[in-house]
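Hi everyone, thanks for coming. Let me put the structure up on the screen, and then I'll walk you through it.

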Amino acid sequence: MKAWQLHELGEPRAVLRLDDIDDPVAGPGQVLVRVLAAPANFPDVLLCRGEYQLEPPLPFTPGVELCGTVVAVGADVTRCAVGDRVVGTTTLPGGAFAELAVLDADNVFPAPAALDDAEAAALSIGYQTSWFALHRRTQLKPGETLLVHAAAGGVGSTAVQLGKAAGATVIGVVGGPDKAEYCRRLGADLVIDRRTEDFVPIVKEFTGGRGANVIYDPVGGDAYAKSTKCVAFEGRILVIGFAGGTIPQPALNHALIKNYSIIGLHWGLYKQYNPQAIADCHAELTRLAAAGQLKPLISERLSLADVPDGLGRLGDGSTVGRVVFQP
């Protein structure tokens, strides 16, 4: 089969190579799928650079989630069968940017019928991350104000949709007019372009001086620092990641004085500590999709040949919405 492989680490455009390699085989407890769609995720960029928390041995194929058709199952697999359309996260070093991929059966779930292949492929990591952040690490309530940074990005866009589904008023912070328009399409009540506006006074004015009840931050750096200036009394700042490249050093005395919480989320740990919670979340996301309250907005549907450029643009911060590769 054809697969994009890394034989050295670096920027995606420079180091990814399309190789012909042996077809993978499903071992015990595993599922082999033919890839129908695989979205670009920021962890894929970090994997290429060698900056992700997991460091698979070289060579390896990136691509952390997919939608595919089951073509073979290993011993002891009962949760899916050959021919099923499924979504899930891959088992590195064999990622999704290939014609075939192997997944651990525990990471495989039925693809929602309400979503096409590209939409379903984008359901796992981003929406699970935001659902756990908004409904388990904190409890977003109807009527609260949710501020989402990088609201047109891969995870931020999911937080906008799930925030609206939860009955919150959603403020999206983005970088550029194209991303602002995309965020409006997602349903945000207020969109702020950080390149031309300071979000702090705008959020204060929009909320009547109260500030945002929940702040969803996958960016870090200056976005986090400014968020502490417009978080509400008893507000919650959700630390999702550091796409901006700078890890903040929280001033805990400030959190004490203003009476807000700083809450971290590492979604992948639930696979280890509470896999049933992931299954329950998928069932809820499937219900929301069927009800029309959740629909990934795919900005680009590209071929397998476009993986290096698509990942490169994601790493540059120039993509809008979800970019999905369809072999």
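**A walk through the sheet and its surroundings**

Let's begin at one pair of residues: D217 has V239 in β12 as its bridge partner. From β11 the chain passes through helix α8, residues 221-227, to reach β12, and this β-α-β crossover is right-handed. Right-handed here means that, with the strands pointing away from the viewer, the path from the first strand over the helix to the second runs clockwise. When I say helix or strand, I mean a DSSP run, numbered from the N terminus: H or I with at least four residues for helices, E with at least two for strands.

A quick word on what you are looking at: this is a predicted model, where local features need pLDDT of at least 70 and side-chain atom pairs count only at pLDDT 80 or more, while totals for chains, interfaces and linings use all residues. Residues are numbered from 1 along each chain as its sequence is written, and side-chain values use heavy atoms, with hydrogens and water left out.

Back to the strands. Strand β12 covers residues 231-239, and 5 bridges join it to β11 in a parallel run. On pairing, the rule is that DSSP finds at least two bridges between two strands. Strand β8, residues 145-149, also pairs with β11 in the parallel sense, over 3 bridges. One of the partnerships there is L146 with V214 of β11.

How covered is β11 itself? Of the 6 residues in this strand, 212-217, 5 are buried. Buried means under 20% relative accessible area, exposed means over 50%, and partly exposed is in between, using a 1.4 Å probe and protein chains only.

Now zoom out. What is the strand order of the open sheet? Its 6 strands run β10-β9-β8-β11-β12-β13, with parallel pairing. At the edges sit β10 (190-193) and β13 (261-264), each pairing on one side only. On average, neighbouring strands of this sheet are turned by 20° against each other, direction ignored. Towards the β13 edge, β12 and β13 pair in the parallel sense over 4 bridges, and L238 has I263 of β13 as its bridge partner.

Helices pack on this sheet too. Helix α5, residues 156-165, touches β8, β9 (169-174) and β11, and its direction makes about 170° with that of β8. Helix α7, residues 199-206, touches β8, β9, β10 and β11, and its direction makes about 165° with that of β10. For these angles, axes are lines fitted to C-alpha atoms, for helices over the stretch in contact, and the values run from 0 to 180 degrees between N-to-C directions.

Let's stop at one residue of β8, T145. Is T145 buried or exposed? T145 is buried, at a relative accessible area of 9%. Not counting residues up to four places away in sequence, T145 touches T169, I171, T207, A212, N213 and V214, where contact means heavy atoms within 4.5 Å.

On to the nonpolar cores: these are sets of buried Ala, Val, Leu, Ile, Met, Phe, Trp, Tyr and Cys residues joined through side-chain atoms within 4.5 Å. The largest one has 86 residues, and F132, L146 and Y216 have the most contacts inside it. Apart from it lies another core of 16 residues, including I171 and Y224.

Now to a helix pair. The axes of α4 (residues 125-137) and α11 (residues 275-290) come within 10 Å and cross at roughly 100°. The two helices are therefore roughly perpendicular to each other, a label used for 65 to 115 degrees; under 35 counts as roughly parallel, over 145 as roughly antiparallel, and the rest as oblique. Y127, Q128, W131, F132 and R136 of α4 make the contact with A277, I278, C281, H282, E284 and L285 of α11.

Also in α11 is A283, which is partly exposed, with a relative accessible area of 47%. A283 and F109 are 174 residues apart in sequence and 9.2 Å apart in space, C-alpha to C-alpha.

My last stop is G321, in the loop between α12 (307-316) and β15 (322-325). G321 is buried, with a relative accessible area of 7%. Leaving aside neighbours within four places in sequence, G321 is in contact with A152, Y182, L297 and S299.

Thanks for listening!
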